[in-house]
Amino acid sequence: VSVIASWLIKNFNLSKASKAQDKKLFYKQTPAILLISTEKDDKISWLEAGRVLEETWLLAESFGMKCSVFASVTQLPVYREKLMQVTPDFTVPQILLRVGYPEKEVKHSPRFTVNSLLKKN
């Protein structure tokens, strides 16, 4: 599957295919959008934003909520500039995430156990 997925991602714009589904998810199933911003855009600020994300995520989980990060919005300059224009109170957007109660529980992908990784064949 990973070989096919890799080829598809490189050769086709898959976001167009999922655009309608993404819009529905965003507009109808996203009760809160959170923006974590900092005064500066340096390594210390990045660490602080990460700490705030960690605390926010853990708090949301404690209430049965789930979070999902929109990485490209704050990582790609063109989107980050647009975000800065609509959020004038925030100096530097660092992390944008959606928060809400899931309609269905999504299971984690399978993980290797520590013992299986440490065994020598």
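Begin by selecting arginine 80, which is buried, with a relative accessible area of 16%. The model in the viewer is predicted, and this tour follows its salt bridges, of which a search of the whole structure finds 3.

Which residue forms a salt bridge with arginine 80? Add aspartate 41 to the selection: the closest N and O atoms of this pair are 3.1 Å apart. The pair links distant parts of the chain, 39 residues apart. Arginine 80 belongs to helix α6 (residues 77-86), whereas aspartate 41 sits in the loop between β1 (32-38) and α4 (43-62). Compare the two ends of the bridge: aspartate 41 is partly exposed at 39% relative accessible area, while arginine 80, at 16%, counts as buried because its value falls under the 20% limit.

Next, move into helix α4 and select glutamate 48 together with arginine 51. These residues are 3 positions apart, about one turn of the helix. Their side chains form a salt bridge, with 2.4 Å between the closest N and O atoms. Are the two partners buried, partly exposed or exposed? Glutamate 48 is partly exposed, with a relative accessibility of 39%, and arginine 51 is likewise partly exposed, at 42%.

For the last stop, select glutamate 61 and lysine 66, whose side chains meet in a salt bridge with an N to O distance of 3.0 Å. Colouring by accessibility here will show glutamate 61 as partly exposed at 33% and lysine 66 as partly exposed at 31%.

As a general point, side chains of opposite charge can pair when their charged atoms come close.

Definitions and conventions. Residues numbered from 1 in each chain as written. Predicted model: local features only at pLDDT ≥ 70, side-chain atom pairs only at ≥ 80, totals over all residues. Heavy atoms only, no water. Salt bridge = Lys/Arg side-chain N within 4 Å of Asp/Glu carboxyl O. Helix = DSSP H or I, 4+ residues; strand = E, 2+ residues; numbered from the N terminus. Buried < 20%, exposed > 50% of the residue type's maximum accessible area, 1.4 Å probe, protein only.
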